[in-house]
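Colleague: I am new to this structure. Could you take me through some of its helices and its less common backbone geometry?

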Amino acid sequence: MIRQFVRFYSQKVAIVGSGPAGFYTALRLLKDPSQKINVDIFEKLPVPYGLSRFGVAPDHPEVKECQTRFEEVAHDKRFNFYGNVDIGKDVSIEMLKDNYNAVIFAYGCSEDNKLNIKGADHKGVISSRQFVGWYNGVFDLQDLNPPLEKARRVVIIGNGNVALDLTRVLLGPVDPLWKSTDITAKAISKLKESKVEHVTIVGRRGLLQSAFTNKELKELIDMHSIGVGFKGVSEDHIAPFAPLAKNLGRVQKRRLDLLTKYFQKVKNSTKTACTKEWELQYLLSPKEIIAKDDQLLSKVVFEHNVLVQPDIDVPVSIEPTGEFTELPADLLIYSTGYKGSAIQGLIEAGIPFNEKKGYIPNKDGRVSPGIYASGWIRRGATGAIASTMMDAFFVAETVLSDLDNSSTEKHGLGHYISKQNKPVVTWQDWEKIQQHESEAGTSLGKTREKLTTIDQVLELIK
Ligand SMILES: Cc1cc2nc3c(=O)[nH]c(=O)nc-3n(C[C@H](O)[C@H](O)[C@H](O)COP(=O)(O)OP(=O)(O)OC[C@H]3O[C@@H](n4cnc5c(N)ncnc54)[C@H](O)[C@@H]3O)c2cc1C
């Protein structure tokens, strides 16, 4: 849509959070033909990119190519990056409201959907957010120290793509898989000592309701060629669907096809040289975790579920059966999703927040006059970067149409921020950090070696 509107003043927009949602929202705003939109992005951490840096699996560097587009955005002269500025703590939401024509919350979802069962407070129970953050260099997760050198069996609760990422990291050989990626050097040496040889991925619903995508499933199945075998999934979960195969949707058909072909291949091969294996379990809900000692678990107790209305055209639900089973486990990682929370001062500033679901309620991104939400904090923690991008573009359109009617001149907080005692990371600083990390990586034969403490980052840009 070409906007005919002439903006008389520069309009200042503040974006809270520099993950994919923040950057893609900025990108679309800066494309406004008036060329009069100015964007300030505030990032709590001293480095940008959110989960694109700290979540995406290290063996999927192509996913991080979005960062090249974000760099282009950052070089626009109407864009400013203020890193190491925690909105709510360092700058109040009221101040943002007073100094910008629009404030967009794009601060993501950084809490766990907790596992509320007996024994879940044991040290051997870790969330996927913690484990992923640990190997990806999240500053405050570097002391996690998961006891991989002692654990042989890991149970993962939840079967989305993140569970499959974790399985590749836990079982894939460091050489060739991880040693040249941007997994931190500390995590690589821990993975080298790892004794983990078996991963069980458990879903509470059925095979056809698996949350992973077929692409990721195939990637994991293909690890057979490097010694990571797929123990499989019980015939009980596949057999009922065989007669229905022609009625299944394309994705479900492909999923069954992948699994069936794999079993055939394994049956036909004379010997399998796999020293590590993973399996899929279905229709089980965790009920209790039993410890072995301070560090390790002994087993996890599950209750069996049945699918209700298992007709493929009707959404299925599950019902507990009252029958229980146990799976041996030294460690348990629950990969049951991330959750958003209200940043400090949000509620006090009159901005609504849905505590139960963990997002900022909004209509088309609009929260209240001049206030918007974009990305995971707008929709809840779901969706890949492509859908976060579409969401961000959509919200930017909403903001632009509202700004058409706003004529007040605002000056932003750049001046105020630069006068504070706390060091602020500019885009130029970030480029210095980038360069340092990639040079450190090159010297170790890796794509990048991330700095893992905030002090290291701030020292570098002093
Ligand atoms: C483990 C994992 C793996 C994934 N892998 C893939 C993948 O392979 N491919 C894919 O397409 N998608 C993947 N995704 C999904 C993708 O990461 C998300 O779609 C996307 O990151 C959501 O973007 P966002 O900007 O809403 O949130 P985030 O990426 O979380 O960004 C939010 C930003 O806001 C900042 N922030 C928080 N609080 C404040 C505050 N008070 N003040 C200032 N800043 C603040 C945070 O530090 C962060 O930088 C993955 C997600 C996870 C969790």
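Modeller: The model is predicted, and the questions below go through helices, a strand residue and some backbone angles.

Colleague: Which residues of helix α5 are buried, and how many of its 9 residues is that?

Modeller: Helix α5 spans residues 128-136. Its buried residues are Ser128, Phe131, Val132, Gly133, Trp134, Tyr135 and Asn136. The helix is mostly covered, and the number buried is 7 of 9.

Colleague: What do the buried residues of α5 pack against?

Modeller: Their partners include both helices and strands. The helices are α2 (51-54), α6 and α8 (185-193). The strands are β6 (125-127), β14 (331-334) and β15 (338-339).

Colleague: Where do the buried residues of α9 lie around the helix axis?

Modeller: In α9, residues 214-221, the buried residues are Asn214, Glu216, Leu217, Leu220 and Ile221. Seen down the axis, they fall within an arc of 160 degrees, so they line one face of the helix. In general, residues three or four places apart in an α-helix point the same way, because there are 3.6 residues a turn. The place asked for is one face of α9.

Colleague: How is α6 oriented relative to α9, parallel or antiparallel?

Modeller: Helix α6 covers residues 161-171, and its axis lies 10 Å from that of α9. The two pack at an angle of about 15 degrees. Angles under 35 degrees count as roughly parallel. That makes α6, relative to α9, roughly parallel.

Colleague: Which residues meet where α6 contacts α9, and how many are charged?

Modeller: From α6 come Asn161, Leu164, Asp165, Thr167 and Arg168, and from α9 come Glu216, Leu217, Glu219 and Leu220. The residues of this contact divide into 3 nonpolar and 2 polar, and the charged ones number 4.

Colleague: What is the orientation of α1 to α3?

Modeller: Helix α1 (residues 20-30) and helix α3 (residues 66-74) have axes that come within 10 Å. These axes cross at roughly 50 degrees, and α1 passes α3 in a left-handed crossing. The two helices are therefore oblique to each other.

Colleague: How many nonpolar residues are in the contact of α1 with α3?

Modeller: Pro20, Phe23, Tyr24, Ala26, Leu27 and Leu30 in α1 meet Cys66, Arg69, Phe70, Val73 and Ala74 in α3. The contact has no polar residues and 1 charged, and its nonpolar residues number 10.

Colleague: Is Glu279 buried or exposed?

Modeller: Glu279 lies in strand β10, residues 276-281. Beyond four places in sequence, its contacts include Arg153, His198, Phe230 and Lys231. Its relative accessibility is 8%, and the cut-off for buried is under 20%. Glu279 therefore counts as buried.

Colleague: Asn84 and Asn145 have a positive phi; which of them is buried?

Modeller: Asn84 has a phi of about 70 degrees and lies in the loop between β3 (79-83) and α4 (93-99). Asn145, with a phi of about 50 degrees, is in the loop between α5 and β7 (153-157). At 48% relative accessibility, Asn145 counts as partly exposed. At 6% relative accessible area, the buried one is Asn84.

Colleague: Which residues are joined by a cis peptide bond?

Modeller: Most peptide bonds are trans. In this cis bond omega is about 20 degrees. One of its two residues is found in helix α7, residues 174-178. The pair is Asp175 and Pro176.

Methods. Residues numbered from 1 in each chain as written. Predicted model: local features only at pLDDT ≥ 70, side-chain atom pairs only at ≥ 80, totals over all residues. Heavy atoms only, no water. Buried < 20%, exposed > 50% of the residue type's maximum accessible area, 1.4 Å probe, protein only. Helix = DSSP H or I, 4+ residues; strand = E, 2+ residues; numbered from the N terminus. Arc of directions from axis to C-beta. Axes fitted to C-alpha atoms, helices over the stretch in contact; angles between N-to-C directions. Parallel < 35°, antiparallel > 145°, perpendicular 65-115°, else oblique. Left-handed = near helix turned anticlockwise from the far one by under 90°. Contact = heavy atoms within 4.5 Å. Nonpolar A, V, L, I, M, F, W, Y, C, P; charged D, E, K, R; others polar.
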